[in-house]
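These are my notebook entries on a single protein chain. I set down what I looked up, entry by entry.

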Amino acid sequence: MNSRGKLVKAIRDDANISRFVDFASSQLPKLPKATAKYLAEKAPIVQWIPKYSLSWLWSDLVAGITIGILLVPQSLAYAKVANIPTAYGLISSWLPTLFYAIMGTSKGFDIPIHVTAGPTAIMGLLTGEIVTGLIGEGYTAQAIASAAAFWVGIYSLILGLFRLGFLLDFIPLPVLSGYVSAAAITIVLQQLKELFGESKKGSSTAAVIREFFKQLPETNWRAFLVGISCIVLLLSLQFVGRKWGKKYRALWYLSVARNAIVLVLVTAISWGVNKSRRSDPLFGISKVKSTGIIPPKQLDSVLLLKVAGRSVAVFLAAALEHLAIGKAFGRRHGYVIEQDQELSYIGLVNMFGSFFSSMPVTGGFSRTAVNSESGVKSPLSGLATTACVLVSIYKLTDAFYWIPSATLSAIIIVAVWQIILPFHVFWHYWKTSFADFIGSMVAFWVTLFVDVEIGIAVAVGYSLVYVLLRLAFSGVTMVTTDNFSKLYQSQSNSKVAAVPDDAMLFMLQDSVLYPNAARITRQITDAIYTYSSGMDEVFSAAHSINETSASATERLWNDTKGRHIRALRKEAGTEHTEESPLPRLCAVIVDMARVAHVDATAMQAFADIRCILREWAGPDADLRFVGLNERVKDRFKRSDDYFQSLKSNESPRDEGYIVFDVLQTALYNSQRTDEDVHAKQ
C-alpha cells in the first residue's frame, strides 16, 4: 500500500474523525429546525403571547405597578452606592423589565414569573469601586458605569448563547454566602457617612470606620434625625406587613410601598424647610436633575479597554446573584429556571442598556419576593413597571431634587441589612464541611477588609483550587482480607473469600486525570514495594534491599530506591526475611468501577505502573483492570501507544493485553498454586 493509501486508511480508521463524521451526518439535517427552536427559546414571548388571557391583565397590571413603586426609590438609592448621579439609577431601570417581557423564561401560566431585574446594592458597590478607580482620568462617572455594564453584557451573552452557564456552578454556595454578607456590611458602613451627615469617608473598610468615629462629634443632628426616623418608619411598616399582611391585603400593599411612602413624606418635608435655602439646605439633599431618556451613544473604546478586566467581578456578581434568586424561587414554587436563557437576558439588557447610559443591572431579591407575592401571571407585568419608571423620569425628577441624602441611605441600610446572613448559617458550614467553612471565611474577610473585587476573585480562585485539590488527592484504597467483605458486600462469591497472597487489589475512588495521575501511580507502586517482594529478593536472605547489589557501572548516582523501600516497609511494619518472606506478586488488579473518565496522562500513568510492576515482580506479572464503563473501555482501545507497550511483553495465557472482567473472575484467575509459583521462579 502506497503512502496515499495508508493516509486514507489512517483517516478512515481514526476514532476521532469517525465520531465527528457520524455526529455531523446525524446532526446537520436537524440544523434548520434546531436553529429555529434555538431562536424561539431566546424570545419566549412568541410562544406564550398567543395564549395570553385577558383575565390575567389586571393581576399583571397590579403586580407591575407594585414593583414600579418599589423599584423607583431603590434605583435612586443604588445609584448613590455606585457613585453615579442619582438620576442614572432611574435611567438604568426602565429597560430590564421591558426586556424581561420578551425574554423571560416562562414555565407555564400556572407558575408565576418571579425574577425582576434592575440596579441592586451589590451591583452598585462593585460599580462604585470601578468608578472611584477611574474617575480621576477624566471620564464621567456615568460613562464608567456604562462601560462596566457593556462588559457585563458581553460576558453574560457569551455564557448564555453558548450554553456555558454550568461554569458558574464551580462557585459553591458557602463561598458566595461569605462574599455577599461581607459586601452587604461594606455597603452599610459606607452609608453611615450620609446617615450622620458627615463630610468624608475612607476608601477601605478600616478607613471608613476610622473616619466615622473621627467625625462623629461633627454629626449633623438634622440629617441624623431624618435618617433614623426613616429607618424606624421603614422597619415599622415592614413589621406591619409581615405580621398582618397576609390577613389584610391593604396592609401588605402599605408595607410593600414603604420605600415610596417614606420617600414622598420626607421629600415633602425637605422641600418645605429647604425651598428658601436651595444653596444651603439644613441637611444634605440628593439634587436629582431631570435628564429624560438619554439618546443612545457610542462608548469610548479606550475606556472600554480599561474597564474590561475590572468588569469581570461585576459580571460574576451579576450572574451569581440573578441565578441564585431564580433558583431560590424556583425551588419554592417547584420549577427549574433555564439558566442559559437567564444569562442571555442579563447579557442583552446590560449590553443594550450601556448605550443608554445604564449602570450594570441584575435580579433583585426584595423585588422578586414582592413580585412572587403580588399574584403576577406573566412577564407582561414588566410593561407596567417600565411605565412607572418612565413616569418618574419625565414627571417626578424635579421633586426628587429635594430627597434628603440620609433618606436614601436609610433605604439602602434597611434593604441591605436583610441580605447579611446570620451566624447560624456559617455555624452550619462549620459542622457540615470544614473546607466550605474556610471558603466562606476567606471570601468574607478578604471582601470586608481588603477589596470587594479582590474578594470575589479570591472566592472564585479558592473554589477552583479546592476542586482541583480534591481531584488531585482522590484516594486509592488497597483492598485487603480485612476490608474485602466491607468493600464488596454486594459481590459475594464463594470462590473468593479474600484477596490471594500473590495478587494485590486497588480500588480507585475517582476519575484518573492529569491532576491526580502521578499521585495514583505513586500510591499503587509504593504499595507494591511495601507488601510484596521483588525478583532480587526471592532467593535472598537479606533483611532489606542492598543498595550496592547493582554493579557500579549500572547503578545511578542518585539511586535512592532502596532507601525509599526500606522506609516504606519500616512505616508499614513489613520486612522480607527468610522466616517471614513477603509474597511474590503475580497480578495487580485495579477496580475502576468508580472511574468515570480517564485522559492521556492517565493512560501513561497506567503504562508506568505496568512497567514498574514487571520490573519489580517479573515479566509474567499482570496488570488487570476491572469494572470499566464503556467510555473508559473506548479510551483504552483508542490508546494505541499504551497498548503497544503492553503487547511487547504480553503473557501467552492472557488472550489479550487488557482483561475486561468482573472482579470475582479476575481475583479467581489471579490465584496460583505453589507449584505454579515455584515453576515461574
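**Entry 1. Low-confidence stretches**

I began with the weak parts of this predicted model. Over residues 643-668 the pLDDT stays under 50, and the model has 58 contacts beyond four places in sequence for this stretch. I then found a further stretch, residues 670-681, where the pLDDT is below 50; here the model has 19 contacts beyond near neighbours in sequence. I read the placement of both stretches with reserve.

I next looked up confidence by element. Strand E7, residues 660-661, has the lowest mean pLDDT among the elements, at 35. Helix H9, residues 141-161, has the highest, at 95. For the protein chain I noted an average pLDDT of 81, with 86% of the residues scoring at least 70.

**Entry 2. The chain in outline**

I recorded 31 helices and seven strands as the secondary structure of the protein chain. Of its 681 residues, 51% are buried. I also looked up the range of the contacts: among those between residues at least 6 apart in sequence, 82% join residues at least 24 apart. The protein chain exposes about 33400 Å², and carbon and sulfur atoms supply 62% of that area.

**Entry 3. A nonpolar surface patch**

Which residues make the nonpolar surface patch of about 660 Å²? I listed Ile209, Phe213, Leu216, Trp445, Phe449, Val450 and Ile454. Two elements give two or more residues to the patch, namely helix H11 (205-215) and helix H22 (434-449). I followed up tryptophan 445, which I located in helix H22. Tryptophan 445 counts as partly exposed because its relative accessibility is 45%.

**Entry 4. Arginine 258**

Is arginine 258 buried or exposed? Its relative accessibility is 16%, so I entered arginine 258 as buried, the cut-off being under 20%. I placed arginine 258 in helix H14, residues 258-274. Its side chain reaches the backbone oxygen of serine 255 at 2.7 Å. Leaving aside residues up to four places away in sequence, I found that arginine 258 touches Leu234, Leu237, Gln238 and Gln418.

**Entry 5. Lysine 306**

I located lysine 306 in helix H15, residues 301-308. Lysine 306 has 37% relative accessibility and therefore counts as partly exposed. What does lysine 306 touch, not counting residues up to four places away in sequence? I found Glu137 and Tyr139. With glutamate 137 the contact is polar and runs from side chain to side chain, at 2.6 Å. I also looked up the separation of lysine 306 from alanine 148: the two are 158 residues apart along the chain, and their C-alpha atoms are separated by 9.8 Å.

**Entry 6. Two positive phi values**

I then turned to the backbone angles. Most residues other than glycine have a negative phi. Asparagine 83 is not a glycine, yet I noted a positive phi of about 60° for it. I found asparagine 83 in the loop between helix H5 (57-81) and helix H6 (87-91). With a relative accessible area of 32%, asparagine 83 is partly exposed.

Where is arginine 163 found? I traced arginine 163 to the loop between H9 and helix H10 (173-195). Its phi is near 55°, also a positive value in a residue other than glycine. I entered arginine 163 as partly exposed because its relative accessibility is 41%.

Terms used: Residues numbered from 1 in each chain as written. Predicted model: local features only at pLDDT ≥ 70, side-chain atom pairs only at ≥ 80, totals over all residues. Heavy atoms only, no water. pLDDT = per-residue confidence, 0-100. Helix = DSSP H or I, 4+ residues; strand = E, 2+ residues; numbered from the N terminus. Contact = heavy atoms within 4.5 Å. Patch = residues over 30% accessible without salt bridge, like charges linked within 9 Å, V, L, I, M, F, W, Y side chains within 5 Å. Areas by Shrake-Rupley, 256 points an atom, 1.4 Å probe, with all protein chains shown as cover. Salt bridge = Lys/Arg side-chain N within 4 Å of Asp/Glu carboxyl O. Buried < 20%, exposed > 50% of the residue type's maximum accessible area, 1.4 Å probe, protein only. Polar contact = N/O pair within 3.5 Å; in protein donor to acceptor, adjacent residues only side chain to side chain.
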